[in-house]
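User: I would like a close look at one residue in this model, followed by an account of the parts around it and elsewhere in the chain.

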Amino acid sequence: MTLIQVDNLYKEFKRQKRKDGFWQLMKSLVYREYEMKTAVENISFQIDRGEIVGYIGPNGAGKSTTIKMMVGILVPTSGQVLVNGLVPYQNRIENARKIGAVFGQKSQLWWDTPVIESLRLTRYMYDIPEDRFHQNMKLFDQVLGLDEFKTVAVRSLSLGQRMRADLCAALLHDPDILYLDEPTIGLDVVVKERIREFIKEINRQRGTTVILTTHDMSDIEKLCSRVMVVDQGKLMYDGNLSTLKHDFGNMESMELETTEPFITEQSLVHMGVSVNAGEDNKTLLTYDKNEINSSAIMKWLMERYTVTDFKVKETEIEAIIRNLYGQFEQVKSKRQEQEVSLV
Ligand SMILES: Nc1ncnc2c1ncn2[C@@H]1O[C@H](COP(=O)(O)OP(=O)(O)OP(=O)(O)O)[C@@H](O)[C@H]1O
Ligand SMILES: [Mg+2]
């Protein structure tokens with residue numbers, strides 16, 4: 001069942017033109033010149049109840065801007081967002097009752113107030129029944145370990161503690177949707193893991209729909225079955241993670257140890273294998289597994305070397321995404337070339 005419907009969404013920002021040089025800068029203080037920046041360009045998608053969707057892309061791609069329009073903080077330039085049948089910016093209060101949001105860069109809690117007081121205030125704001133509040137606090141305490149810093153003022157919390165408190169505040173009123181904009185930014189691996197487990201648990205137990213932006217691909221691998229990739233405001237990919245891996249992640253590498261020093265031979269290069277020689281007769285071979293398989297390479301090696309150790313590794317998701325952004329760049333520059341040649 002569709003919970004979030006986004007159609008042909010655009011967001012443009014007016015911003016002052018930047019100028020180089022002293023006189024140019026002085027001039028710009030008197031005559032302000034503006035330019036338009038399209039942060040979100042013609043994005044459409046649907047999200048069903050209970051999904052965990054990863055929304056990824058390089059810095060400045062338009063992720064936070066999209067999330068802010070779904071939350072109702074920003075008004076779209078054109079196009080439409082419908083959440084639970086509501087237009088978020090027109091029904092901010094009604095929408096806010098059904099959603100929770102965590103922005104990793106900025107706390108939603110009262111800065112000078114102890115965590116527990118902040119959470120009690122949240123209870124009054126959302127009119128959460130006393131027993132539900134205690135039930136939720138008990139669960140959140142178990143998974144997120146709030147007890148250790150409950151009485152500390154938010155401004156004195158460590159980043160990981162603050163993020164846990166923010167997550168708790170965002171979920172106290174049992175929202176249908178949880179928006180997470182970089183919830184694991186700057187956290188150590190233990191806290192990251194704890195937060196991922198918590199998100200998974202909430203989704204499983206309560207069917208909460210989760211929309212997550214992150215630069216940490218392990219977040220995506222551990223949590224999301226579906227990913228949307230944006231670049232320069234445009235939606236470049238929307239589908240499941242395994243298809244993304246299959247379509248773009250066809251590189252494989254082999255770590256190799258030989259008794260003799262490894263010499264790059266043309267016949268290997270012709271097979272489409274690139275060679276990176278390391279120290280102590282260790283070598284890294286990289287190849288497209290759709291073009292050649294590891295057993296063919298192994299056969300070639302056995303005929304020439306004494307292989308003492310080897311390990312075949314799939315491309316990591318980070319490398320796939322980097323590859324993907326790279327391919328977007330190629331598509332874009334090709335498009336520009338075509339446009340130029342048409343002029
Ligand atoms: N309030 C604003 N006024 C002007 N320009 C803005 C504003 N907010 C965002 N932008 C611009 O819109 C573009 C998209 O920004 P956005 O914050 O959505 O990116 P992002 O994908 O969240 O990036 P990051 O990974 O760095 O968080 C950027 O070029 C940014 O400079
Ligand atoms: Mg952002």
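User: Does serine 118 count as buried or exposed, and at what relative accessibility?

Analyst: The model is predicted, and what follows is computed from it. Serine 118 has a relative accessibility of 0%, so this residue counts as buried; the cut-off for that class is under 20%. Serine 118 belongs to helix H4, which spans residues 115-126. Its side chain makes a polar contact with the backbone nitrogen of tryptophan 110, at 3.3 Å. Tryptophan 110 also appears in the contact list of serine 118, which leaves aside neighbours within four places in sequence and consists of Leu109, Trp110, Thr113 and Val154.

Past H4, in the loop that leads to helix H5 (130-144), sits aspartate 127. Aspartate 127 is exposed, because its relative accessibility is 63% and the class begins over 50%. Its phi is positive, near 60 degrees, although aspartate 127 is not a glycine. Most residues other than glycine have a negative phi. Asparagine 42, in strand E2, is another non-glycine residue with a positive phi, of about 55 degrees. Asparagine 42 has a relative accessible area of 39% and therefore counts as partly exposed. A further positive phi, near 55 degrees, is found at aspartate 280, in the hairpin of E11 and E12, where four residues lie between the strands. Strand E11 (residues 274-277) and strand E12 (residues 282-288) run antiparallel and are joined by four bridges. In this pairing serine 274 faces threonine 286 of E12.

Next, the open sheet. Six strands make up this sheet, in the order E5-E6-E7-E3-E8-E9, with mixed pairing. Its edges are strand E5 (99-103) and strand E9 (234-240), each of which pairs on one side only. On average, neighbouring strands in the sheet are turned by 15 degrees against each other, with direction ignored. At the E5 edge, the partner is strand E6 (residues 177-181), and the two pair in the parallel sense over five bridges. Valine 102 is placed opposite leucine 180 of E6.

Then there is ligand 1. The residues that surround ligand 1 number 14, and the closest are Gly60, Lys63, Ser64, Thr65 and His215. Several polar contacts involve oxygen atoms of the ligand. The side chain of asparagine 59 has an N or O atom 2.8 Å from one oxygen atom of ligand 1. Backbone N or O atoms also take part: that of glycine 60 lies 2.8 Å from an oxygen atom of ligand 1, and that of glycine 62 lies 2.9 Å from an oxygen atom of ligand 1. On its own the ligand has 640 Å² of accessible area, of which the protein covers 67%. Strand E1 (2-16), strand E2 (34-48) and helix H2 (63-71) are the elements that give two or more residues to the shell. H2 supplies the largest share, three residues. E2, listed among these elements, is also the strand that holds asparagine 42.

Last is leucine 82, in strand E4 (residues 78-83). Leucine 82 counts as partly exposed because its relative accessibility is 25%. Outside its neighbours within four places in sequence, the contacts of leucine 82 are Leu3, Ile4, Gln5 and Val87. Valine 312 is 230 residues away from leucine 82 in sequence, and their C-alpha atoms are 46 Å apart in space.

How values were computed
Residues are numbered from 1 along each chain as its sequence is written. Chains are lettered from A and ligands numbered from 1 in the order in which they are written. This is a predicted model: local features need pLDDT of at least 70, side-chain atom pairs count only at pLDDT 80 or more; totals for chains, interfaces and linings use all residues. Side-chain values use heavy atoms; hydrogens and water are left out. Two strands pair if DSSP finds at least two bridges between them. Axes are lines fitted to C-alpha atoms, for helices over the stretch in contact, and angles run from 0 to 180 degrees between N-to-C directions. Buried means under 20% relative accessible area, exposed over 50%, partly exposed in between (1.4 Å probe, protein chains only). A polar contact is a pair of N or O atoms within 3.5 Å; within protein, one must be able to donate a hydrogen and the other to accept it, and residues adjacent in sequence count only if both atoms are side-chain atoms. Contact means heavy atoms within 4.5 Å. A residue is near a molecule or strand if one of its heavy atoms lies within 4 Å of it. Accessible areas come from the Shrake-Rupley method with a 1.4 Å probe; for residues, only the protein chains shown count as cover.
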